[in-house]
Amino acid sequence: MWQKLFPLVYERYLAKQVYLAFTFILFALISLFIFFDFIAEMGDTNASYTVVLAFVTVLLRVPSRLVEIMPIAGLIGGIYVMANMAAQSEYTILRIAGLDTSRSLKTLMKIAIPIALVILLMSEVIGPFTEGISCLLYTSDAADDSLRV
């Protein structure tokens with residue numbers, strides 16, 4: 001698959017670096033958001049809405065959070081990789097070898113397309129589905145709590 005999407009060696013190298021940085025940054029940011037969302041949900045816990053249900057509610061909201069965070073993680077990952085390549089003179093070597101800026105930009109766009117497709121899938125299919133389950137879980141526990149009072 002890599003051979004078809006990124007036929008040139010420098011494209012595969014750049015894609016690998018960007019995707020690794022993107023994954024690391026996305027993991028770090030989503031971990032922070034899960035932690036802060038869980039702390040916010042802890043204020044709503046009671047006898048029927050337990051800590052476990054609060055954590056499941058937060059986990060069900062992760063796809064919606066990913067839609068918000070993925071563009072930022074992609075941007076930070078791309079900037080980090082390009083800055084790192086410039087600091088180690090790798091980008092300069094590519095430029096001397098004949099890589100022009102328009103071809104470099106096309107490569108970065110090819111790298112961004114799968115990320116954009118994942119964001120589209122998360123925002124239009126997975127996010128609304130899990131958000132709906134999360135709301136149902138939260139409201140059913142709130143309804144159970146109001147019936148007990």
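The following exercises, each with a worked solution, go through a predicted model.

Residues are numbered from 1 along each chain as its sequence is written, and side-chain values use heavy atoms, with hydrogens and water left out. In this predicted model, local features need pLDDT of at least 70 and side-chain atom pairs count only at pLDDT 80 or more, while totals for chains, interfaces and linings use all residues.

**Exercise 1. The span and bend of α4**

Work out what span helix α4 should have, and find where α4 bends.

Solution. Helices are DSSP runs of H or I with at least four residues, numbered from the N terminus, and α4 covers residues 62-87. The expected span of a helix is 1.5 Å times one less than its number of residues, so the 26 residues of α4 should span 38 Å. The end C-alpha atoms of α4 are 35 Å apart, which agrees. The next step is the bend, taken as the angle between axes fitted to the seven residues ending at a residue and the seven starting there. At Ile-69 α4 bends by about 40°, and the proline Pro-71 follows within four residues. After α4 comes Ser-89, whose phi is positive, near 65°.

**Exercise 2. The nonpolar core**

Determine which residues have the most contacts inside the largest nonpolar core, and which helix gives the most to this core.

Solution. Begin with burial: a residue is buried under 20% relative accessible area, exposed over 50%, and partly exposed in between, with a 1.4 Å probe and protein chains only. A nonpolar core is then a set of buried Ala, Val, Leu, Ile, Met, Phe, Trp, Tyr and Cys residues joined through side-chain atoms within 4.5 Å. The largest such core has 24 residues, and Leu-26, Leu-66 and Ile-111 have the most contacts inside it. Helices α2, α4 and α6 (101-148) each supply at least two residues of this core, and α2 gives the most, with 10 residues. Among the buried residues of α4 are Leu-66, Ile-69, Met-70 and Val-81.

**Exercise 3. A salt-bridge network**

Trace the salt bridges that join Asp-37, Arg-65 and Glu-68 into one network.

Solution. A salt bridge is a side-chain nitrogen of Lys or Arg within 4 Å of a carboxyl oxygen of Asp or Glu, and the whole structure holds 5 of them. In one, the side chains of Asp-37 and Arg-65 meet at 2.9 Å, N to O. Asp-37 lies in helix α2 and Arg-65 in helix α4, so this pair ties together parts that are 28 residues apart in sequence. In another, Arg-65 meets Glu-68 at 3.2 Å, N to O. Both of these residues lie in helix α4, 3 residues apart, about one turn of the helix. An α-helix has 3.6 residues a turn, so residues three or four places apart point the same way. Arg-65 counts as partly exposed at 24% relative accessibility, and Glu-68 also counts as partly exposed, at 48%. Through shared partners, the salt bridges join Asp-37, Arg-65 and Glu-68 into one network.

**Exercise 4. A link between α6 and a loop**

Find which parts the salt bridge of Glu-131 and Arg-61 ties together.

Solution. The closest N and O atoms of Glu-131 and Arg-61 are 3.9 Å apart. Glu-131 lies in helix α6 and Arg-61 in the loop between α3 (51-60) and α4, so the pair ties together parts that are 70 residues apart in sequence. Glu-131 is partly exposed, with a relative accessible area of 26%, and Arg-61 is partly exposed at 23%.
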